[in-house]
Amino acid sequence: MEFSDPWLAAAKKKLLANKAMYEQAMAQLSDEELRRRPGPGFNSVATIVQHVAGNLVSRFTDFLATDGEKPNRNREGEFQDWPGSREELMQRWELGWSILINALDSLQAADINKTIYIRAQPHTVPEAVLRSVDHIGWHLGQILYISRMVCSKEWKYLTVAPGTSADFNKAAGLSADDRRKP
């Protein structure tokens, strides 16, 4: 029997939607743009992707059994310029995401009330999952902003583009009255 919980399904849906947005942003960048830091003290898109992947591997490997900050993680190294190819970065990215999704898919009803640890701090399973939703969302905003800054061609908006809200709402069949309803 497969375990299904509404909050977990919603969290997984949001995580996968964010993953898709990361990938759509990265697809618009050349390899050079992927690595470009927009200014001193800023990370490149590749650096942030490297960090998020490292975070997912650490947090969700043996999710219920070991601290989410694994002793072999080199968090500081995740903020160095990515040394490999785009393909290697994407392999690392996919590894992190597969570990996350496998951990979420393996959860059983009895696991929801368990306490897990991240940096020796206790978290319920929902708190730990929502912590990752927040973390990924935070970095997604950075990725979108930096991607737009370093992209040398016309940016393709991943959400409703500025100046197109009325057209979007009309296409969705929304009127002003519909938007006022509770």
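Colleague: What share of the 182 residues in the protein do buried residues make up?

Modeller: This is a predicted model, in which local features need pLDDT of at least 70 and side-chain atom pairs count only at pLDDT 80 or more, while totals for chains, interfaces and linings use all residues. Residues are numbered from 1 along each chain as its sequence is written, and side-chain values use heavy atoms, with hydrogens and water left out. A residue counts as buried under 20% relative accessible area, as exposed over 50% and as partly exposed in between, with a 1.4 Å probe and protein chains only. By that rule, the buried share of the 182 residues in the protein is 40%.

Colleague: In what order do the elements of the protein run from the N terminus on?

Modeller: Helices (H or I, at least four residues) and strands (E, at least two) are DSSP runs, numbered from the N terminus. The secondary structure of the protein comes to seven helices and two strands, and the C-alpha trace spans about 50 × 45 × 25 Å along its principal axes. From the N terminus on, the order of the elements is α-α-α-α-β-β-α-α-α.

Colleague: Of the contacts in the protein between residues at least 6 apart in sequence, what percentage joins residues at least 24 apart?

Modeller: A contact means heavy atoms within 4.5 Å. Among contacts between residues at least 6 apart in sequence, the part that joins residues at least 24 apart is 74%.

Colleague: Which residue forms one aromatic cluster together with Tyr-22 and Trp-93?

Modeller: Rings of Phe, Tyr and Trp (its six-membered ring) pair if their centres lie within 6.5 Å, and planes under 30 degrees apart count as stacked, over 60 as edge-to-face and the rest as tilted; by this rule the count comes to three aromatic pairs. The rings of Tyr-22 and Trp-93 have centres 4.9 Å apart and planes at 55°, so this pair is tilted. Because Tyr-22 lies in helix α1 (residues 6-27) and Trp-93 in helix α4 (residues 86-106), the pair ties together parts that are 71 residues apart in sequence. Tyr-22 and Trp-93 are both buried, and the residue that forms one aromatic cluster with them is Trp-97.

Colleague: Which helix gives the most residues to the lining of the largest pocket?

Modeller: On a 1 Å grid over the protein atoms alone, a cavity is a set of points where a 1.4 Å probe fits but cannot get out, whereas a pocket is an open set with protein on both sides within 12 Å along at least five of seven lines, and lining residues have an atom within 4 Å of a point. Grid points are joined across faces, edges and corners, and a volume is the space filled by probe spheres set on the points; the largest pocket has a volume of about 170 Å³. Its lining includes Gln-50, Gly-54, Lys-70, Glu-78 and Arg-92. With four residues, the helix that gives the most to this lining is α3 (residues 45-60).

Colleague: How many residues in the lining of the largest cavity are nonpolar?

Modeller: The structure holds one cavity of 30 Å³ or more, and about 40 Å³ of space lies in the largest cavity. Strand β1 gives the most to the lining of the largest cavity, with three residues. Ala, Val, Leu, Ile, Met, Phe, Trp, Tyr, Cys and Pro count as nonpolar, Asp, Glu, Lys and Arg as charged, and the others, Gly among them, as polar. In the lining of the largest cavity, one residue is charged, three are polar, and the number of nonpolar residues is six.

Colleague: Between which two strands is the loop that holds Ala-120?

Modeller: Ala-120 is not a glycine, although its phi is positive, at about 70°. At 56% relative accessibility, Ala-120 counts as exposed. The strands on either side of the loop that holds Ala-120 are β1 and β2 (121-124).

Colleague: How far apart in space are Thr-115 and Lys-156, C-alpha to C-alpha?

Modeller: Thr-115 is found in strand β1 and, at 42% relative accessibility, counts as partly exposed. When neighbours within four places in sequence are left aside, Thr-115 is in contact with Pro-122 and His-123. Lys-156 is 41 residues from Thr-115 in sequence, and their distance in space, C-alpha to C-alpha, is 42 Å.
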